[in-house]
Amino acid sequence: MFNFDAKKDKMGTSKTREIVFRFKRFEIANSLSAMKVGTDGVLLGAWAALPVMDCAPHVLDVGSGSGLISLMLAQRFPDAVITGVDIEEEACAEARMNADRSGWGDRVEIVCDDFATYAASSGAGVFDAVVSNPPFFKTDLKAPDRGRMMARHGCGLDYAVIMRACASGLLDSGGILSMISPADREGDITFDMELAGLSLSRITRVWTKSTAQSPSRLLWEMRRMKMESPPVVDDLLIGGDDYKALTGDFYL
């Protein structure tokens, strides 16, 4: 059983580093991936929206790691065709194994490549939705493990890089970009979003405690098109009724 009450950071990665996380309809082995299954990925996988389409939507999972978000989207959207891209070979191998074991391997492809290189290649194509739980621990001490360091400290993958690629044509003109970030990155992400020419359509402030002075995370939804109405702004409390409803299709 996937137990989110185990010892863990305030948000994100479980300190116990379970080898296999069991969800209702699939399992995630994450002994090889540098970044482990955590609250951030589960939140984004359960929250991210896809555009309503007459054909199968094509989705890109940037920094796919063990494939958690890709498989959550495969479960939520039975017609979606999903590509995960990650720079770490071991993570990609593990993600492919997880996809094959899920039964959705025919709709989930994992590409091992640097994101900037992949996005600039002619073979990348155009996606109807892009999702990403990118590395953001830029002020932490460097992790001794190279894979974990690359996953946690950017090394060429950052919010601005993803937003610029989406604005430059990686994301379809009617597509949706969804990301999760620390709340204290709101200012610079908003600046980079406007600089890239993207528009905010929805933002959810994630709180770890009802008594907290400020949210811990932000869930971002952006569009390439200019929005005619103000963005939807709401709040989500970890462990609250809305959180349980959002993640109820996944947790055991």
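In helix 1 of this predicted model, the buried residues are Thr39, Asp40, Gly41, Val42, Leu43, Leu44, Gly45, Ala46 and Trp47. That is nine of the nine residues of helix 1, so this helix is largely enclosed by the rest of the structure. Leu43, one of the residues of helix 1, counts as buried because its relative accessibility is 0%, under the 20% cut-off. Looking further along the chain, the C-alpha atom of Leu43 sits 9.5 Å from that of Ile238, although the two positions lie 195 residues apart in sequence terms.

Just ahead of this helix comes Val37, in the loop between strand 2 (27-29) and helix 1. Val37 also counts as buried, at 2% relative accessibility. The C-alpha atoms of Val37 and Leu68 are 7.2 Å apart, with a sequence separation of 31 residues.

So what does helix 1 pack against? One partner is helix 2: the axes of helix 1 (residues 39-47) and helix 2 (residues 68-76) come within 9 Å of each other and cross at roughly 30°. An angle under 35 degrees counts as roughly parallel, which means that helix 1 runs roughly parallel to helix 2. As for handedness, the crossing of helix 1 and helix 2 is right-handed. On the helix 1 side, the contact is made by Gly41, Val42, Leu44, Gly45, Ala46 and Trp47, and helix 2 brings Leu68, Ile69, Met72, Leu73 and Arg76. Sorted by class, the residues of this contact come out as eight nonpolar, two polar and one charged.

A second helix pair sits further along the chain. Helix 6 (residues 159-170) and helix 7 (residues 186-196) pack with their axes 9 Å apart, at an angle of about 20°. This makes helix 6 roughly parallel to helix 7, and the crossing of helix 6 and helix 7 is right-handed. Helix 6 takes part through Tyr159, Ala160, Met163, Arg164 and Ala167, while Ile189, Asp192, Met193 and Ala196 do the job for helix 7. The tally by class for the contact of helix 6 with helix 7 is seven nonpolar, no polar and two charged residues.

Turning to the nonpolar cores, the largest holds 36 residues, and Phe23, Phe26 and Leu68 are the ones with the most contacts inside it. Helix 1, helix 2, helix 3 (89-102), strand 5 (108-112) and strand 6 (127-132) each put at least two residues into this core. Helix 2 gives the most, with six residues. Another core, of 28 residues, lies apart from the largest one; Phe127, Tyr159, Leu198 and Ile203 are among its members. In soluble globular proteins, nonpolar side chains tend to be buried together.

Phe26 deserves a closer look. Leaving out residues up to four places away in sequence, Phe26 touches Phe21, Leu68, Leu71, Met72, Gln75, Ser102, Trp104 and Phe250. The last of these, Phe250, lies in the segment after helix 8 (241-247). Phe250 is buried, with a relative accessible area of 2%. With the same exclusion of residues up to four places away, Phe250 touches Phe23, Lys24, Phe26, Ala46, Met72, Gln75 and Arg76. For the pair Phe250 and Arg76, the C-alpha to C-alpha distance is 9.8 Å, across 174 residues of sequence.

For contrast, there is Glu228, placed in the loop between strand 9 (217-223) and strand 10 (232-237). Glu228 counts as exposed, because its relative accessibility is 85%, over the 50% cut-off. The C-alpha atoms of Glu228 and Ser199 are separated by 9.9 Å, and the two residues are 29 apart along the chain.

As to the chain overall, eight helices and 10 strands are present. Of its 252 residues, 52% count as buried. Among contacts in the chain with a separation of 6 or more, 71% come from residues 24 or more positions apart.

Terms used. Residues are numbered from 1 along each chain as its sequence is written. This is a predicted model: local features need pLDDT of at least 70, side-chain atom pairs count only at pLDDT 80 or more; totals for chains, interfaces and linings use all residues. Side-chain values use heavy atoms; hydrogens and water are left out. Axes are lines fitted to C-alpha atoms, for helices over the stretch in contact, and angles run from 0 to 180 degrees between N-to-C directions. Helices (H or I, at least four residues) and strands (E, at least two) are DSSP runs, numbered from the N terminus. Angles under 35 degrees count as roughly parallel, over 145 as roughly antiparallel, 65 to 115 as roughly perpendicular and the rest as oblique. A crossing is left-handed if the near helix is turned anticlockwise from the far one by less than a right angle, and right-handed if clockwise. Contact means heavy atoms within 4.5 Å. Ala, Val, Leu, Ile, Met, Phe, Trp, Tyr, Cys and Pro count as nonpolar, Asp, Glu, Lys and Arg as charged, and the others, Gly among them, as polar. A nonpolar core is a set of buried Ala, Val, Leu, Ile, Met, Phe, Trp, Tyr and Cys residues joined through side-chain atoms within 4.5 Å. Buried means under 20% relative accessible area, exposed over 50%, partly exposed in between (1.4 Å probe, protein chains only).
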